[in-house]
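Please examine the sequence and the structure shown below. The paragraphs that follow take up helix packing, aromatic pairs and selected backbone features.

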Amino acid sequence: MAPSWWPLSKQTCLGLDLGSSALKAVELEREDGRVVLRAAASAATPAGALTEGALTDGLAVAEGIKAMLDQRKIRARNVAAAVGGDRVVCRTDMPRTGEIEAFVRAKAASAVQYALDAACVGWQPVESMIEGSVMWTAAPVEQVDWVRATAALAGRAPNLVTPQACAIANIYGHGYEPSGRNAVLILHIGARRMLAMAMRGWAVAYSCDIALGRQRSIEGAELDRRVLDTLEPHLDPLTASVRPYELELVLLSGGGAASESLSKALQERSGVDVDRLDPFRKIGYSPESEAGRTAQQYGPAMAVAAGLALTGLGEA
């Protein structure tokens, strides 16, 4: 059965990113054969309403979403949302024999710390990037349900819910048009968590979601140190997943991408170039418009929301 988080092929879509410190929304539209930005917004997440990927006050988040969208007069009804956290898995493996569904379910069962019948499991062949391989995902059903119910309370019931890694992979693939020979590390750095993704082309070869600060937001010099220290133990599986190629670039997204000192420290530590991921690189917009100004202001922090909207358009 096709997983619920692959493209829907709509004409417009609103991507909703529910972060622990900020809510983000991006509406994209097809226009004359290209993708254009129709609306963008960001607002603070109500304090204590979302921690560790779990909603502790869904009504407060729903009210925050509604207020944000109403302020920008965003009326879109075709909506995509995301789930994240260390209970959500996204990676690529190569089936040796047998049926793909059985292979993926066996991989998911060994990777998640909860019953497989309580998981949303999906997969997609990625042979054009990694020969003979399949990218698969798993997320707790209850987490998907939380997101759906909260967005519905705001009057925006999602047509699809996808892992954050898939959304970021989609916007990266669309904007950078990588080949299977391109090996890139994407670090999506939030206020409390970091999603590290080793990419072969547009396929997520391996990903891990790492806690930076469980009870509070991390910023400044402490954020730099936490990112470097917590990433270190995960570098071996991340780099091994893209072999025989070597990582050639580190791209930063999320709110933490704004840190110049972090970019410099990562470049010194890794020995490869570090840049900010631009989610609007191949998306048309007017810099003078309200949406355009928001896109320029928040840039990499909008990666998940933009990737979700792109998925809903069927442009992934």
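Which residues in α4 meet which residues in α9? The model in which this is examined is a predicted one. On the α4 side, the participants are Gln-164, Ala-167, Ile-168, Asn-170, Ile-171 and His-174. Facing them in α9 are Ala-303, Val-304, Ala-306, Gly-307, Leu-308, Leu-310 and Thr-311. Sorted by character, the residues of this contact comprise eight nonpolar and five polar, with no charged residue.

The geometry of such a contact can be stated briefly. Two packed helices are described by the angle between their axes and the distance between the axes. For α4 (residues 164–176) and α9 (residues 303–313), the angle is about 80° and the axes are 7 Å apart. Because angles of 65 to 115 degrees count as roughly perpendicular, α4 is roughly perpendicular to α9.

A second helix pair is formed by α5 (residues 220–231) and α7 (residues 260–270), which pack at an angle of about 30° with their axes 9 Å apart. Angles under 35 degrees count as roughly parallel, and α5 and α7 are therefore roughly parallel to each other. The crossing of α5 past α7 is right-handed. In this contact, Asp-224, Val-227, Leu-228 and Leu-231 of α5 meet Ser-261, Leu-262, Ala-265, Leu-266 and Arg-269 of α7. Six of the residues in the contact are nonpolar, one is polar and two are charged.

Helix α7 also holds Ser-263. Is this serine buried or exposed? With a relative accessible area of 12%, Ser-263 lies below the 20% limit and is therefore buried. When residues up to four places away in sequence are set aside, Ser-263 touches Leu-252 and Val-274.

Attention may now turn to aromatic rings. The whole structure contains two aromatic pairs. One of them joins Phe-280 and Tyr-285, whose ring centres are 6.1 Å apart and whose planes stand at 80°, so this pair is edge-to-face. The two partners can also be described by their accessibility. Phe-280 has a relative accessibility of 3% and so counts as buried, whereas Tyr-285, at 30%, counts as partly exposed.

The backbone supplies further points of interest, each in a loop. Between α6 (235–240) and β14 (249–253), the loop includes Pro-244. The peptide bond leading from Arg-243 to Pro-244 is cis, and its omega is near 15°.

Where does Asp-32 lie? Asp-32 is in the loop between β2 (22–31) and β3 (34–44). Its phi is near 55°, a positive value in a residue other than glycine. The relative accessibility of Asp-32 is 77%, so Asp-32 counts as exposed.

Lys-73 likewise has a phi near 55°, positive although the residue is not glycine. The loop that holds Lys-73 runs between α1 (58–71) and β6 (79–83). Since exposed means over 50% relative accessible area, Lys-73, at 63%, is exposed.

Notes. Residues are numbered from 1 along each chain as its sequence is written. This is a predicted model: local features need pLDDT of at least 70, side-chain atom pairs count only at pLDDT 80 or more; totals for chains, interfaces and linings use all residues. Side-chain values use heavy atoms; hydrogens and water are left out. Axes are lines fitted to C-alpha atoms, for helices over the stretch in contact, and angles run from 0 to 180 degrees between N-to-C directions. Helices (H or I, at least four residues) and strands (E, at least two) are DSSP runs, numbered from the N terminus. Angles under 35 degrees count as roughly parallel, over 145 as roughly antiparallel, 65 to 115 as roughly perpendicular and the rest as oblique. A crossing is left-handed if the near helix is turned anticlockwise from the far one by less than a right angle, and right-handed if clockwise. Contact means heavy atoms within 4.5 Å. Ala, Val, Leu, Ile, Met, Phe, Trp, Tyr, Cys and Pro count as nonpolar, Asp, Glu, Lys and Arg as charged, and the others, Gly among them, as polar. Rings of Phe, Tyr and Trp (its six-membered ring) pair if their centres lie within 6.5 Å; planes under 30 degrees apart count as stacked, over 60 as edge-to-face and the rest as tilted. Buried means under 20% relative accessible area, exposed over 50%, partly exposed in between (1.4 Å probe, protein chains only).
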